[in-house]
Amino acid sequence: MTIPLHIQIDRHSGLPVYRQLVDQVRFQATAGTLEIGTELPSTRALGLELGVNPMTISKAYGELERLGVIERRPGKPNVVSARLAGTGAADAEDELRRALQPAVVAIRQLGVTTGDALRALEDLLESDDQEPRSPGDPTP
Amino acid sequence: MNAQAMNHPIVATGLTLHLGGTQALRGIDWSVPPGTATGLIGPNGSGKSTLMHTVMGLLVPTAGQCLTLGQEAQLLDDDHKARLGFVDQNFRLLDWLSVEQQIRFIAMMHPRWDSTVEARLLDAFDLERVLQKAVGSLPQGERQRLAVLVALCHRPDLALLDEPVSAQDPIFRSVVLEEIGRRVIEDGTTLVLSSHVLRDIESCVDRITMVDGGQVTANEDLDTLKEEHQRWTIVGATAELSVNEPYVRSVERHPGALTLVVRAGEAERRALEKKHGVIVEVRPVGIEGLFPLLLAPPAGSDASKEVVA
């Protein structure tokens, strides 16, 4: 059984479509919302769902395999790789760094000191703790 | 022609066409890989329609040649023609027929006509309720959707669609594009669709061919273009700072900041930061930002890529 992937593709974004796919699947696999062994849709099925050329999906799957996020099995659906289990902490830190990168740009542009920026982040984390979101929601 | 291009549904070499005293096509080398959707873009009058008509064999080149599905375009036989789909910019149809007669007339000529696709498109394009109306009486939007329908129901291997959504409102535009894109996803159809507004067709293309002044000035994978280009902003750049590395494609000077569009990556950015002692902020380049980079450079303009904003 394949489960639907929660992927949002923005065709107008400056980010390549295949890159958006790779980033979102990798994030969900690292966050655990996509469990190890989860079967992924075929390139054609996902292509139809997202309105994306299957060749582009295939390129994304290839990159995800190279990154060790998924396993491609000839004649069978791709699955989320078990390899993630051993590298979870490092992958989570990588994802966090990627997610914080836009904040770094803003901090530089605003000329805010590192101390002030860290205090702002702490404040945000604290206020967020009081209103916990559903654990599956990857985006703020 | 390299070996890889041999199986490409369109391979044009040195394609030249004189038309009414002007050179409409100026030695075009162009090839389109199978199973891709190419957005053919360029300013009005740049040669997009002429190129499509030449690929269809409707115009005969003055020099050079175009191989369409492997056969010289002006000599296409019936078997090859049956594998093509075409929507003319004026979506030419037979005005005196009813919509249903028009559809049956074209279906009759195509052994591969698929009634499932026909039913699907009739429904999606909201044409069922006008089946008995005369084609000539249809509003432009419906007429254009009918032209797209009759160009796709035989599930062509190669479809050329000249401005296929120009008469659609935003809602039908996305419906029509989705159905056009579905042919690529389901059948591996190779698609070329033109528009002078890239944003109109962006949602269903994965390659871009830019036609400018009768020449193909760019023919690239859209993801690759987006991946390889970045917008760099150097905040606090002084007026003296000038960056003329070969990878810089355009420069905009704002008060207190310098914005560059570059075809470069991480390594080049770090080198630039070190060289000038600056911090570079990286953003992706949107499709509108890429558009000007694909146009032919104006003659003799090698000197300056800089504009003052």
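A residue counts as buried here when its relative accessible area is under 20%. Keep that cut-off in mind as you click around this predicted model.

**Stop 1: chain A as a whole.** Colour chain A by secondary structure and you should find 5 helices and 2 strands. Walk along from the N terminus and the order of elements is α-α-α-β-β-α-α. Now switch on the surface: chain A exposes about 8,500 Å², with carbon and sulfur atoms supplying 56% of that. Of its 140 residues, 31% count as buried. If you like contact maps, take the contacts in chain A between residues at least 6 apart in sequence: 56% of them join residues at least 24 apart.

**Stop 2: a charge over a ring in chain A.** Select Tyr18(A) and Lys59(A). The charged end of Lys59(A) sits over the Tyr18(A) ring, 4.2 Å from the ring centre.

**Stop 3: where the chains meet.** Show both chains and pick out the residues in contact: 22 from chain A and 26 from chain B. How much area is buried between chain A and chain B? About 2,000 Å², and carbon and sulfur atoms give 49% of it. Next, look for salt bridges across this interface; the rule finds 1. To see that salt bridge, select Arg19(A) and Glu227(B), whose closest N and O atoms are 3.7 Å apart.

**Stop 4: the aromatic pair.** Over all chains, the count comes to 1 aromatic pair. Select Trp232(B) and Tyr247(B): they are arranged edge-to-face, 5.6 Å centre to centre and with 65 degrees between the planes. The two partners are 15 residues apart, with Trp232(B) in strand β11 (residues 229-235) and Tyr247(B) in the loop between β11 and β12 (248-254). Are these two buried or exposed? Both Trp232(B) and Tyr247(B) are buried.

**Stop 5: another charge over a ring, this time in chain B.** Select Arg145(B) along with Phe172(B). Here the charged end of Arg145(B) sits over the ring of Phe172(B), 3.6 Å from its centre.

**Stop 6: Ser195(B).** Finish in strand β8 (residues 190-195) of chain B, where you'll find Ser195(B). Why does Ser195(B) count as buried? Because its relative accessibility is 3%, and the cut-off for buried is under 20%. To see what surrounds Ser195(B), leave aside its neighbours within four places in sequence and select its other contacts: Leu40(B), Ile41(B), Gly42(B), Lys48(B), Glu163(B), Asp200(B) and Ile201(B).

Technical notes:
Residues numbered from 1 in each chain as written. Chains lettered and ligands numbered in written order. Predicted model: local features only at pLDDT ≥ 70, side-chain atom pairs only at ≥ 80, totals over all residues. Heavy atoms only, no water. Helix = DSSP H or I, 4+ residues; strand = E, 2+ residues; numbered from the N terminus. Buried < 20%, exposed > 50% of the residue type's maximum accessible area, 1.4 Å probe, protein only. Contact = heavy atoms within 4.5 Å. Areas by Shrake-Rupley, 256 points an atom, 1.4 Å probe, with all protein chains shown as cover. Phe/Tyr/Trp six-rings, centres within 6.5 Å; stacked < 30°, edge-to-face > 60°. Lys NZ or Arg CZ within 6 Å of the ring centre and 35° of its normal. Buried area = accessible area lost by both parts, 1.4 Å probe. Salt bridge = Lys/Arg side-chain N within 4 Å of Asp/Glu carboxyl O.
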